[in-house]
Amino acid sequence: MSPDPSRPRPPQPGPAVTHAAKEAIQLEVALLAASPEVRAAFNWFRTNESQLLHWQMEMARIAAPPFSESARAAWLAERFREVALEDVRIDDVGNVFGTHPGLGRRYVSLSAHIDTVFPANTPLNIRQQGSRIYGPGVSDNGAGVAAMLGIAALLGSVRIRHALPFVFIGNVGEEGEGDLRGMRHIFSTPRWKDSIGYSLVLDGAGADTIVAEALGSRRFEVIVRGPGGHSWSDFGAPNPIVILAKAIDTFAATTVPASPKTTFNIGVIRGGTSVNSIPESASMKVDIRSTSMTEMERLEQSLRQALTRAVEDETLAAEMRSSAQKRPKASCEVVVIGNRPAGELSSGARILEIVRAVDTQLGNVAQVQRASTDANVPLSMGREAIAIGGGGSGGGAHTLQEWFDSNGRELGLKRILLTMLALAGVGE
Ligand SMILES: [Zn+2]
């Protein structure tokens, strides 16, 4: 998960949910929590912690760099079978599925990404000290996968009624250049696209956040090319560095709204050969972010316009400089190198009301946040989705010093279970 630390959002109760409806949800959650089967489940969480920690370490020892998650997927499919999930399968892109039956055709999905940011040759020195484990990926997303497995294993050992069926998903491609490819595939597959009613995404440790806003991003590499030449004898030829500079100057003047917060950045600029050469090419990398698709599209438009204008201006200027001669023109290429859709939960969405009621029931305090997670995909399609943590605590994500502490994992597991059961409704 890539959080946006800029502004924790105060809870905003939606107008769509009436006070009476909120009370009904709160009561439903209280009844669930008091039921003998859920109490048995809570007890199961308490007595099976060592198994979860064992799975978490075992998984972290299997490398899962972006686009090479298959060994870990095979391991997870084995665990899904072991805990008696049904219809266990791995799809075309490497996502792992297992279901727990219910009534009706709409699923409540519980997913956790299985990929890490670490390249294949990273030493996976995973070690334990009491309740703490250390090593790359133990928390992001070891905590998420362990919690998902914990819930699946629980359902295999304790009979708990629920109406809607559950689908458990270990998905690929959340981190970096993976660009949410696992989730995208799921939500473009007929089998799942319309049958997943609610998506609960587990990413990292903790129980103190609710990601209900999907921070989208579009990233570009811009390459400007020209004929190049000698700085003295070819003077006048269009200069890619000048074009890039002009385009940046225009683009950087684009106004962006404070709300929905929208940002842009020129992160890398490269180009040129030597001080006495007219460069043949120059390039830059641009990052655009917002929770609004419209704002991201508007900024992209503004970037493309700035580039077109800069190419035209410099081509014209080059013609003026070198009167008679016909020169090859400059050109510009824009390559999309990252694309994460934006979106947010509609106010009063049932999934948000339920997780809030669950937090009230458990005496847990959580803040609604904006981040980039697997939930971006369903959220951008207007679906009900949130991302939360798998419980316990963790730190050092995306570093070799990553750690996870299982103290307090129970709270996270209770929170996930109650949310799933309330979303699914009580079955026969
Ligand atoms: Zn993550």
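Helix H8, residues 240-251, lies across strands S10, S12 and S14 of this predicted model, and its axis runs at about 20° to S14. A second helix, H9, spans residues 293-321 and lies across S10, S12, S14 and S15. The angle between H9 and S14 is about 160°.

The strands under discussion belong to an open sheet of 4 strands, ordered S12-S14-S10-S15, with antiparallel pairing. Strand S12 (262-271) and strand S15 (331-340) are the edge strands, and each of them pairs on one side only. From one strand to the next, the twist averages 15°. In general, strands of a sheet pair through backbone hydrogen bonds, and the pairing can be parallel or antiparallel. Between strand S10 (residues 216-225) and strand S14 (residues 281-290), which run antiparallel, there are 10 bridges. To place the register of this pair, take Ile223, whose bridge partner in S14 is Ser283.

The loop between H8 and S12 contains Pro260. The peptide bond joining Ser259 and Pro260 is cis, with omega about -5°. Another cis peptide bond runs from Asp140 to Asn141, where omega is near 15°. Asn141 sits in the loop between strand S6 (132-134) and helix H5 (142-157). As background, most peptide bonds are trans, and most residues other than glycine have a negative phi.

Two residues depart from that rule for phi. Phe67 is not a glycine, yet its phi is positive, about 75°; Phe67 belongs to the loop between helix H3 (49-60) and helix H4 (70-82). His398, also not a glycine, has a positive phi of about 70°. The loop that holds His398 runs between strand S19 (393-395) and strand S20 (403-405). His398 counts as partly exposed because its relative accessibility is 36%, and that class lies between the 20% limit for buried and the 50% limit for exposed.

Asp179 is another loop residue, placed between strand S7 (166-171) and helix H6 (181-186). Is Asp179 buried or exposed? With a relative accessible area of 16%, Asp179 is buried, since the cut-off for that class is under 20%. Leaving aside residues up to four places away in sequence, Asp179 touches Gly173, Glu174, Arg184, Ile337, Gly338, Asn339 and Arg340.

The remaining part of this account concerns three helices, H1, H10 and H12. Two packed helices are described by the angle between their axes and the distance between those axes. Helix H1 (residues 19-34) packs with H10 at an angle of about 55°, and their axes are 9 Å apart. H1 and H10 are therefore oblique to each other, because 55° falls outside the ranges for roughly parallel, perpendicular and antiparallel. The crossing of H1 past H10 is right-handed. On the H1 side the contact is made by Lys22, Ile25, Gln26, Glu28, Val29, Ala30 and Ala33, and on the H10 side by Arg350, Glu353, Ile354, Ala357, Val358, Thr360 and Gln361.

Helix H10 (residues 350-362) also packs with H12, at an angle of about 135° and with the axes 9 Å apart. H10 and H12 are therefore oblique to each other, and their crossing is right-handed. H10 contributes Arg350, Ile351, Ile354, Val355, Val358, Asp359 and Leu362 to this contact, while H12 contributes Leu411, Lys414, Arg415, Leu418, Thr419, Ala422 and Leu423.

Val358, in helix H10, is listed in the contact with H1 and in the contact with H12. Its relative accessibility is 0%, so Val358 counts as buried. Apart from residues up to four places away in sequence, Val358 touches Val29, Arg415, Leu418 and Thr419. Thr47 lies 311 residues from Val358 in sequence, and the two C-alpha atoms are 22 Å apart.

H12 itself covers residues 409-424. At 1.5 Å a residue, its 16 residues should span 22 Å, and the distance of 23 Å between its end C-alpha atoms agrees with that. Of these 16 residues, 14 are buried, so H12 is largely enclosed by the rest of the structure. H12 is followed by Gly425, which has a positive phi near 80°.

Definitions and conventions
Residues numbered from 1 in each chain as written. Predicted model: local features only at pLDDT ≥ 70, side-chain atom pairs only at ≥ 80, totals over all residues. Heavy atoms only, no water. Pairing = 2+ DSSP bridges. Helix = DSSP H or I, 4+ residues; strand = E, 2+ residues; numbered from the N terminus. Axes fitted to C-alpha atoms, helices over the stretch in contact; angles between N-to-C directions. Contact = heavy atoms within 4.5 Å. Buried < 20%, exposed > 50% of the residue type's maximum accessible area, 1.4 Å probe, protein only. Expected span 1.5 Å × (residues − 1). Parallel < 35°, antiparallel > 145°, perpendicular 65-115°, else oblique. Left-handed = near helix turned anticlockwise from the far one by under 90°.
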